[in-house]
Amino acid sequence: MQDKIKKARDAIQKACKIMVFTGAGISRESGVPTFREAGGLWDKFKVEDFATPEAFQQRPKEVWEWYRFRRNLMRKVKPNPAHYAVAELDERHDDFLLATQNIDNLHQIAGAKRVMELHGNIFRSYCMKCGYEADESVSELTGEVPSCTRDDCSGVMRPKVVWFGEQLDPDVLEQSFRFAAQADCCIVIGTSGLVYPAAQLPFLARRNDACVIEINPEPSAITPITDYFLQGPAGEIMPQLLEETR
Ligand code: OAD
């Protein structure tokens with residue numbers, strides 16, 4: 001394992017264009033539940049009950065309650081050493097992009113600057129009528145289903161997250177895809193690699209002959225295309241990937 005970590009570290013040092021692609025697993029050690037593992041969110045809740053446009057249309061109050069519950073949980077957690085290591089990579093490398101599927105803000109709290117939020121951000125909301133965007137204070141204060149506070153709009157506000165069946169923000173997707181297709185190193189952390197189009201990113205990098213490094217305690221759908229699969233928790237392995245260069 002130490003030999004593999006050293007080789008992966010060398011590849012990162014040599015790389016010019018580095019993409020990091022993260023999923024729920026990177027926040028696991030901070031206390032945020034993942035989705036598909038035993039005891040994960042999709043074990044306890046049905047996707048179609050809470051994370052689809054149809055669910056919101058039919059039961060907006062319950063969906064908001066679920067997002068408030070998750071916000072409260074995410075507000076209490078802190079970044080772990082893996083988030084800080086990613087932020088350090090961002091600071092160190094001129095040509096860097098982090099594409100995350102996470103909505104918990106922990107990368108930004110850790111200091112990452114160049115972040116593409118593929119699936120949105122749980123602490124933001126937007127008006128379904130006029131598009132006005134607000135931070136969590138609006139939806140927290142108004143209770144129930146919050147309405148738009150801009151002028152006399154009063155449209156229904158919804159969480160700024162991507163639900164199943166919805167398109168990702170085309171700019172975010174385009175910038176992430178373009179970067180991945182030119183990257184020479186792609187570090188994949190804590191994702192099952194099952195949700196598309198996000199999961200396509202490491203495959204685009206691979207097609208460009210990028211060195212693909214994965215950190216995960218379990219093999220994922222991305223593992224077969226990796227050069228270095230570093231099996232273990234991100235909070236332990238990520239800092240080791242930067243160690244000698246500190
Ligand atoms: P998943 O729950 O599908 O996968 C979590 C991954 O994290 C698994 O591969 C775990 O083995 C791994 N993992 C667990 N603990 C870890 C640790 N300490 N360090 C590193 N890895 C660890 O979560 P995602 O792949 O993020 O989408 O799921 C992708 C998308 O599906 C989410 O963004 C969300 C969900 O439905 C939307 O809400 C649109």
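**Two domains in a predicted model**

In this predicted model, the protein chain is split into domain 1 (1-32 + 79-119 + 167-246) and domain 2 (33-76 + 124-161).

Me: How far apart do the C-alpha centres of domain 1 and domain 2 lie?

Reply: The two parts do touch: 11 residues of domain 1 are in contact with 10 residues of domain 2. Between their C-alpha centres the distance is 27 Å.

Me: Which three residues supply most of the area that domain 1 buries against domain 2?

Reply: About 850 Å² is buried between domain 1 and domain 2, and carbon and sulfur atoms give 71% of that area. On the side of domain 1, three residues supply 48% of the buried area, more than any other three. They are Ala24, Val32 and Ile103.

Me: How many salt bridges does the rule find across the interface of domain 1 and domain 2?

Reply: The side of domain 1 that touches domain 2 has 5 nonpolar, 4 polar and 2 charged residues. Counting pairs with both residues at pLDDT 80 or more, 0 residue pairs are in polar contact between the domains. For salt bridges across this interface, the number found by the rule is 0.

Me: What is the radius of gyration of the protein chain?

Reply: The chain has 11 helices and 9 strands. For 246 residues the globule rule gives 18 Å, and the chain comes close to that, so it is as compact as a globular protein of its length. Along the principal axes, its C-alpha atoms fill a box of roughly 60 × 35 × 30 Å. The radius of gyration is 18 Å.

Me: Is the peptide bond from tyrosine 196 to proline 197 cis or trans?

Reply: Proline 197 is placed in the loop between β7 (185-189) and α10 (201-207). Omega of the bond from tyrosine 196 to proline 197 is near 10°. That bond is cis.

Me: Where is the place of asparagine 105?

Reply: Asparagine 105 is a residue other than glycine with a positive phi, near 75°. Its place is in the loop between β2 (95-100) and α7 (106-110).

Definitions and conventions. Residues are numbered from 1 along each chain as its sequence is written. This is a predicted model: local features need pLDDT of at least 70, side-chain atom pairs count only at pLDDT 80 or more; totals for chains, interfaces and linings use all residues. Side-chain values use heavy atoms; hydrogens and water are left out. Domain bounds come from an automatic or database domain assignment. Contact means heavy atoms within 4.5 Å. Buried area is the accessible area (1.4 Å probe) that two parts lose on being put together, summed over both. A salt bridge is a side-chain nitrogen of Lys or Arg within 4 Å of a carboxyl oxygen of Asp or Glu. A polar contact is a pair of N or O atoms within 3.5 Å; within protein, one must be able to donate a hydrogen and the other to accept it, and residues adjacent in sequence count only if both atoms are side-chain atoms. Ala, Val, Leu, Ile, Met, Phe, Trp, Tyr, Cys and Pro count as nonpolar, Asp, Glu, Lys and Arg as charged, and the others, Gly among them, as polar. Helices (H or I, at least four residues) and strands (E, at least two) are DSSP runs, numbered from the N terminus. The radius of gyration is taken over C-alpha atoms; the globule rule is 2.2 Å times the number of residues to the power 0.38.
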